[in-house]
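Okay, thanks for coming, everyone. I'll put the sequence and the structure up, and then we'll walk through a few spots together.

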Amino acid sequence: MEKQLADQMMESYFPKIYGFAVKKAYSNDEAQELCAEMVKEVYLSLLSAEGLANPDGYVWRICSNVFARHVQSKKKQGISLDGMEIPYYDEYQLGEAEEEILRLRREIAYLTGSRRKIVFSFYYEGKSIAAIAAEMGLSEGTVKWHLNKARNDLKEGLDMERKIGTLGISPIEALGFSHNGRPDPDGGPEKYLSDSINLNIVYSVYETPRTKEEIAQELGITPVFLEDKIEYLENNGFLVKLHGDRYTTYVDFSPRKYSLEQLDKRREVQLQVVRELLEKYVPKVRAAIADFQDVYIPGGNRELFEAAVIFYAITNKCQLKVQKDLGKYWIKTLGGGAYFASVQLKQEAEDPEYKMTHQDTGRDYFACGDMTRQSEKYEGVYSWSNDTRLCSRKGRWKNNRNEDYDFLYEWICGTIRSDAANQEKVKRLRDREFISADGRVNVMIVKGKAEEFFAKIPSLDEEVKKEFAGFALEQAMEEAKRYPPQMQDYVVYFQTEGFIGTTEALMVLDEMYDKGIFRPLKKDEMVTSQLLTFCDRLPE
């Protein structure tokens with residue numbers, strides 16, 4: 001390279017080289033010495049170089065080599081930890097030593113939080129044992145013990161080959177979240193688990209309890225980046241600490257495999273349940289409310305009222321009772337939530353070659369409920385609803401607020417009207433279609449107390465329940481095998497007690513609509529389908 005061009009390059013690189021030297025040196029004299037050596041080596045190399053494709057890389061490679069020789073000569077590469085060198089520097093290439101230094105740094109990152117802080121303070125910051133003990137509120141003997149343990153842990157880590165777990169290569173993704181209970185005001189389990197790392201931390205301990213270090217290795221992320229998240233999830237009930245500082249979880253993750261054959265058997269029994277309910281139970285429910293007149297039905301279609309009551313009856317009066325304490329599965333958050341939490345994962349059939357007898361109808365049997373809301377302002381104002389494909393309501397539980405029923409009651413009582421003072425309340429009622437454009441109430445209203453009305457509805461006969469109890473328990477036990485041990489009681493309870501539930505209720509109503517027992521729902525009727533509000537008066 002021509003001298004003029006080399007001079008120009010050195011002029012542009014000199015401030016950067018000097019800054020590098022200042023950062024790495026421990027005195028001004030040492031920085032000047034180091035800078036002078038780097039400038040000399042770079043300048044001589046440039047004079048002999050030809051056709052540089054990557055000048056930056058060329059210059060910094062020379063500087064790194066000079067610095068590495070300087071460190072060796074000054075014995076400042078690090079402080080020996082029983083033969084292991086803990087480096088002071090970062091960012092720059094260090095030749096053959098780089099791989100070992102990176103491995104050592106990685107192992108330091110896998111130390112526990114307090115031990116990692118002690119190692120950093122002692123070896124990187126040069127603090128005395130007495131100073132570290134004072135800062136951390138520990139005895140000097142405890143600090144020495146941690147340094148000794150750190151040495152052993154680091155040696156063990158360097159001798160082993162760390163392998164990233166499955167979740168570090170292929171993390172899970174949630175298809176949906178659900179809860180049974182009271183969520184935080186601003187969200188249910190999705191508030192805590194929508195973050196992909198949080199979700200995978202919790203799932204990493206689902207099948208096998210793990211320590212923080214084992215969680216980090218499974219995810220391929222050093223503990224230093226996970227500790228705050230683990231603490232956050234533990235404080236909010238999504239992680240539970242066991243003996244040996246291992247964590248587990250009581251979040252219900254849907255199995256990633258299912259059986260078509262088992263599903264086929266369940267569908268056969270569901271169809272039998274539906275036939276039994278239509279023949280032996282639905283007539284009793286309809287008879288129980290046949291003479292009940294204290295109800296306001298938009299449009300006057302009494303079948304709308306009967307359908308809502310039938311759905312309530314099947315989902316609340318037909319359970320198979322199971323005696324189990326589920327207290328440990330109850331997730332209690334710092335935000336005020338208390339609920340069972342579920343995460344839906346992508347599922348695949350383990351027996352795709354199986355030919356099902358009962359083909360999928362293509363109908364959606366998902367339900368969001370039972371949702372109950374109770375006024376804090378007005379005694380007796382209460383609502384029950386269950387959102388399914390048979391209703392037109394939007395937003396499910398998040399859009400179903402206690403205050404909606406306060407506003408509705410005030411509208412019925414005539415204490416609010418469509419004026420400027422009540423603009424927000426009226427807008428809310430119209431947004432939910434609880435009142436129509438002309439002010440008509442578009443929600444079914446039952447006069448009286450909810451508990452007194454629901455007490456009129458008969459329970460399913462015990463003899464009929466016994467017909468299905470054996471199969472329900474058998475199916476639940478079979479399904480529980482797909483879950484880890486800590487979740488099996490939970491699965492048996494809900495699979496058995498909920499054996500007759502929202503799916504069967506929807507199937508019953510489908511039959512009644514398909515066979516013309518009930519007239520098809522009109523669009524405006526779907527606003528209040530499966531929604532009953534209770535108060536002490538009816539709309540005029």
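So, to kick off: which residue does E410 form a salt bridge with? That's K377, and the closest N and O atoms are 3.2 Å apart. Keep in mind throughout that this is a predicted model. E410 lies in helix 15 and K377 in the loop between strand 12 and strand 13, so the pair ties together parts that are 33 residues apart in sequence. The two ends sit in quite distinct settings: E410 is buried, at 4% relative accessible area, whereas K377 counts as exposed, at 52%.

Stay on helix 15 for a second, since D406 is found there too. D406 is buried yet has no salt bridge. What is the nearest side chain of opposite charge to D406? K377 again, 5.2 Å away. The cut-off for a salt bridge here is 4 Å between a side-chain nitrogen and a carboxyl oxygen, so at 5.2 Å K377 doesn't give D406 one. Setting aside neighbours within four places in sequence, D406 is in contact with S375, K377 and Y378.

Now, salt bridges in general. Side chains of opposite charge can pair when their charged atoms come close. A search of the whole structure turns up 34 of these salt bridges, and I've picked out a couple more.

R519 pairs with E303, with 3.4 Å between the closest N and O atoms. R519 lies in the loop between helix 20 and strand 15, and E303 in helix 14, so this pair ties together parts that are 216 residues apart in sequence. Here R519 counts as exposed, at 52% relative accessibility, while E303 is buried, at 17%.

Then there's E350 with R482, which meet at 2.9 Å, N to O. That one links distant parts of the chain: E350 is in the loop between strand 11 and strand 12, R482 is in the loop between helix 18 and helix 19, and they're 132 residues apart. E350 is partly exposed, at 44% relative accessible area, and R482 is partly exposed too, at 23%.

Okay, on to the sheet. How many strands form the open sheet, and in what order? Five, in the order 8-14-15-13-12, with mixed pairing. Strand 8 and strand 12 stand at the edges with a single partner strand each, so one side of each has no neighbour in the sheet.

Let's look at strand 13, residues 382-387. Strand 13 runs antiparallel to strand 15, and four bridges join them. For example, Y382 has F534 in strand 15 as its bridge partner. Strand 12 is also antiparallel to strand 13, with five bridges between them, and there T372 stands opposite W384. Is strand 13 enclosed or open? Five of its six residues are buried, so strand 13 is largely enclosed by the rest of the structure.

Follow the chain out of strand 13 and you get to T388, in the loop that leads to helix 15. T388 counts as buried, at 8% relative accessibility. Beyond residues up to four places away in sequence, T388 touches F311, F366, A367, L506 and Q530. T388 and T502 are 114 residues apart in sequence, yet 9.0 Å apart in space, C-alpha to C-alpha.

Next, some backbone oddities, which you may want to look at before you set anything up. Most residues other than glycine have a negative phi, and most peptide bonds are trans. R396 is in that same loop between strand 13 and helix 15, and R396 has a positive phi of about 50° although it is not a glycine. R396 is partly exposed, at 41% relative accessible area. D245 has a positive phi as well, about 60°, and D245 is in the loop between strand 4 and strand 5. And where's the cis bond? From G369 to D370, with omega near -10°, and D370 is in strand 12, one of the edge strands we just met.

Last stop, the surface. F14, Y18 and V22 make a nonpolar surface patch of about 250 Å². F14 is in helix 1 and is partly exposed, with a relative accessible area of 41%.

That's my tour, so let's open it up for discussion.

Conventions: Residues numbered from 1 in each chain as written. Predicted model: local features only at pLDDT ≥ 70, side-chain atom pairs only at ≥ 80, totals over all residues. Heavy atoms only, no water. Helix = DSSP H or I, 4+ residues; strand = E, 2+ residues; numbered from the N terminus. Buried < 20%, exposed > 50% of the residue type's maximum accessible area, 1.4 Å probe, protein only. Lys, Arg positive; Asp, Glu negative; His and termini not counted. Contact = heavy atoms within 4.5 Å. Patch = residues over 30% accessible without salt bridge, like charges linked within 9 Å, V, L, I, M, F, W, Y side chains within 5 Å. Areas by Shrake-Rupley, 256 points an atom, 1.4 Å probe, with all protein chains shown as cover. Pairing = 2+ DSSP bridges.
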